[in-house]
Each structure stands twice: as structure tokens, then as C-alpha cells.
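The following exercises are to be worked through with the sequence and the coordinates at hand. Each task is followed by a solution in steps.

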Amino acid sequence: LCGVDGVSYTSIKANMEALIDAGANEVIFDIDSGGGEAYACFETAFSVRQMADDAGVKITAYVDGLAASAAYAWASIADEIVMNPMAEVGSIGVVVQLVNYNRMKAGMGIDTTYIYAGANKIPFAKDGEFTEAFLSDIQEKVDNLYETFVDFVSEQRGMAIEVIKATEASTFLPNKAISLGLADKVMTRDDFTTYIFKNKGGTDEPSFTSLQV
């Protein structure tokens with residue numbers, strides 16, 4: 001999922017397919033999202049990029065607020081990323097939040113006993129803390145996904161892997177984002193609307209449409 005309203009990746013793909021079938025030759029990604037789930041993010045975004053390439057459709061991303069993490073992954077497949085002057089992009093990183101309630105339960109006089117087979121079936125040691133093996137396994141998976149994310153952005157934006165990693169998952173305002181290669185232009189929403197219509201020669205029936213991400 002991506003965005004405040006929980007737009008699914010599959011729905012974005014389905015909407016893109018419908019817009020292409022309807023004859024759109026340019027699609028605008030209207031983005032304001034702090035990110036979403038990693039699962040299926042990259043493969044679905046890549047599939048949408050391939051659909052656009054096969055149909056000769058241009059994708060332009062307009063970031064009107066925030067394009068972070070998974071939302072930036074989607075922005076990166078655009079031919080052009082345009083940012084609002086107050087917008088931010090980036091957060092090219094991976095995070096897993098672990099919550100351990102064992103101390104709270106112990107303080108309430110609640111004991112938990114696990115009957116299990118397989119040393120790694122449960123993540124807790126006898127003292128109730130996460131085991132080192134569990135944390136190490138999670139870190140390995142996070143690192144692997146991080147490399148996938150970095151490679152994806154590198155391929156889509158033509159950026160060096162070292163430059164992407166050097167961002168350390170920070171987010172950036174337009175001038176810095178553009179200098180790093182994470183974005184291309186900065187415009188107010190009104191200026192962006194004028195820019196899009198101007199690119200279409202000021203026709204009364206522009207052949208582009210907007211898609212929320």
C-alpha cells in the first residue's frame with residue numbers, strides 16, 4: 001500500500017492499464033505519501049514502467065508534499081520528477097519496527113510459556129529479550145531489501161549506487177534533491193499545470209491524465 005488513503009499497488013497498475021487502453025499518451029503521478037509496504041512494490045512499479053514503455057506513454061511525477069520510501073520508488077520510474085517548492089523526496093531505506101511487550105506483561109504478573117520445536121520458531125530468549133539470532137536474521141533481510149531498493153532507484157534514475165547510499169535514507173527539499181539527481185524540476189502546482197498544458201500545445205482536450213500514488 002502507498003499513500004494516506006491506502007492505494008494498493010495492484011490498483012495503481014490496473015488504473016495505469018485502463019488509462020493506456022483509453023488512449024492517454026502521458027500520465028501524471030500525483031504523489032503525496034510517506035511510503036508503504038515493500039512487498040510487491042518494486043516488481044509492480046517496474047511492470048508499470050514497462051507498460052508505459054511498450055505503449056509509448058510518458059510518466060511525469062508531481063510531488064505535492066512528500067515522496068518517501070516506497071512512494072519515492074514509484075516516483076523514480078517517472079520520466080520526469082517535478083517537486084512543489086515545499087515538497088520533500090527520498091527516504092531510500094528500509095525499516096522494520098519490533099515491539100516487545102514482555103517487560104510490560106512481567107510487570108503485570110503475566111507469564112508466557114512457549115512449547116515449540118525448532119530453535120528459531122520463537123524470537124525470544126529466556127529473559128524475554130529478542131534473541132541475537134532473530135535480530136541478525138531480520139537485519140540480513142533488511143540489508144538485502146535495501147540493496148534491492150538502491151539498485152532499483154539507480155536503474156530508474158541513472159544514479160550511482162554510492163550517491164544513493166550516501167543519502168543515508170534522508171529526505172531532501174527541491175534544490176538538494178535536484179543536485180543529487182533525485183528530482184528534475186521545482187514548480188508550484190499552478191506552474192506545473194501550466195507547464196503540462198504548454199507541453200501539449202495548449203489544446204482544449206489534452207491527452208494526459210492524473211493518477212494518484
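## Exercise 1. Strand pairing

Aspartate 30 has tyrosine 62 as its bridge partner in strand 2. The model is a predicted one.

**Task.** Determine in which sense strand 1 and strand 2 pair, and over how many bridges.

**Solution.**
1. Strand 1 comprises residues 26-33, and strand 2 comprises residues 58-68.
2. The pairing of strand 1 with strand 2 is parallel and extends over 7 bridges.
3. Between these strands the chain passes through helix 2 (residues 41-55), and the β-α-β crossover so formed is right-handed.
4. Of the 8 residues of strand 1, 7 are buried, so this strand is largely enclosed by the rest of the structure.

## Exercise 2. The neighbours of strand 3

**Task.** State which strands pair with strand 3, and whether its two faces are covered or open.

**Solution.**
1. Strand 2 pairs with strand 3 in the parallel sense, over 4 bridges. Within this pairing, threonine 60 stands opposite glutamate 80.
2. The route from strand 2 to strand 3 leads through helix 3 (residues 70-75), and this β-α-β crossover is right-handed.
3. Strand 6 (residues 185-186) also pairs with strand 3 in the parallel sense, over 2 bridges. Here methionine 83 has valine 186 as its bridge partner.
4. For the faces, a general rule applies: side chains in a regular strand alternate between the two faces of the sheet.
5. In strand 3 (residues 80-83), Glu80 and Val82 lie on one side, Ile81 and Met83 on the other, and all are buried; both faces are therefore covered.

## Exercise 3. Salt bridges between distant parts of the chain

**Task.** The structure holds 10 salt bridges. For the pairs of aspartate 79, lysine 58 and aspartate 184, identify the partner and classify the accessibility of each residue.

**Solution.**
1. Aspartate 79 pairs with arginine 49, with 3.2 Å between the closest N and O atoms. Aspartate 79 belongs to the loop between helix 3 and strand 3 and arginine 49 to helix 2, the two being 30 residues apart. The relative accessibility of aspartate 79 is 43%, so this residue is partly exposed, whereas arginine 49, at 7%, is buried.
2. Lysine 58 pairs with glutamate 80, with the closest N and O atoms 3.9 Å apart. This pair links strand 2 with strand 3 across 22 residues of the chain. Lysine 58 has a relative accessible area of 29% and is partly exposed; glutamate 80 has 8% and is buried.
3. Aspartate 184 meets arginine 157 at 3.0 Å, N to O. Because aspartate 184 is in the loop between helix 7 (174-180) and strand 6, and arginine 157 is in helix 5, the pair ties together parts that are 27 residues apart in sequence. Aspartate 184 is partly exposed at 32%, and arginine 157 is buried at 16%.
4. A network of salt bridges also links Asp30, Asp64 and Arg189.

## Exercise 4. Aromatic pairs

**Task.** Among the 9 aromatic pairs, decide whether phenylalanine 124 with phenylalanine 130, and phenylalanine 192 with tyrosine 195, are stacked or tilted.

**Solution.**
1. The cut-off needed is that planes under 30 degrees apart count as stacked and those over 60 as edge-to-face, with the rest tilted.
2. For phenylalanine 124 and phenylalanine 130 the ring centres are 5.3 Å apart and the planes stand at 20 degrees, so the pair is stacked.
3. For phenylalanine 192 and tyrosine 195 the centres are 6.5 Å apart and the planes stand at 35 degrees, so the pair is tilted.
4. Phenylalanine 192 and tyrosine 195 lie 3 residues apart in helix 8 (residues 189-199), which means a separation of about one helical turn. Phenylalanine 192 is buried at 6% relative accessibility, and tyrosine 195 is buried at 18%.
5. Phe124 and Phe130 also belong to one aromatic cluster with Tyr114 and Phe134.

## Exercise 5. Positive phi angles

**Task.** Locate glutamate 168 and alanine 169, and classify each as buried, partly exposed or exposed.

**Solution.**
1. Glutamate 168 lies in the loop between helix 6 (161-166) and strand 5 (171-172), and alanine 169 is found in the loop between helix 6 and strand 5.
2. Although not a glycine, glutamate 168 has a positive phi of about 55 degrees. Alanine 169, not a glycine either, has a positive phi of about 65 degrees.
3. Glutamate 168 is exposed at 63% relative accessibility, while alanine 169 is partly exposed at 32%.

Definitions and conventions
Residues numbered from 1 in each chain as written. Predicted model: local features only at pLDDT ≥ 70, side-chain atom pairs only at ≥ 80, totals over all residues. Heavy atoms only, no water. Buried < 20%, exposed > 50% of the residue type's maximum accessible area, 1.4 Å probe, protein only. Pairing = 2+ DSSP bridges. Right-handed = clockwise from strand over helix to strand, strands pointing away. Phe/Tyr/Trp six-rings, centres within 6.5 Å; stacked < 30°, edge-to-face > 60°. Salt bridge = Lys/Arg side-chain N within 4 Å of Asp/Glu carboxyl O.
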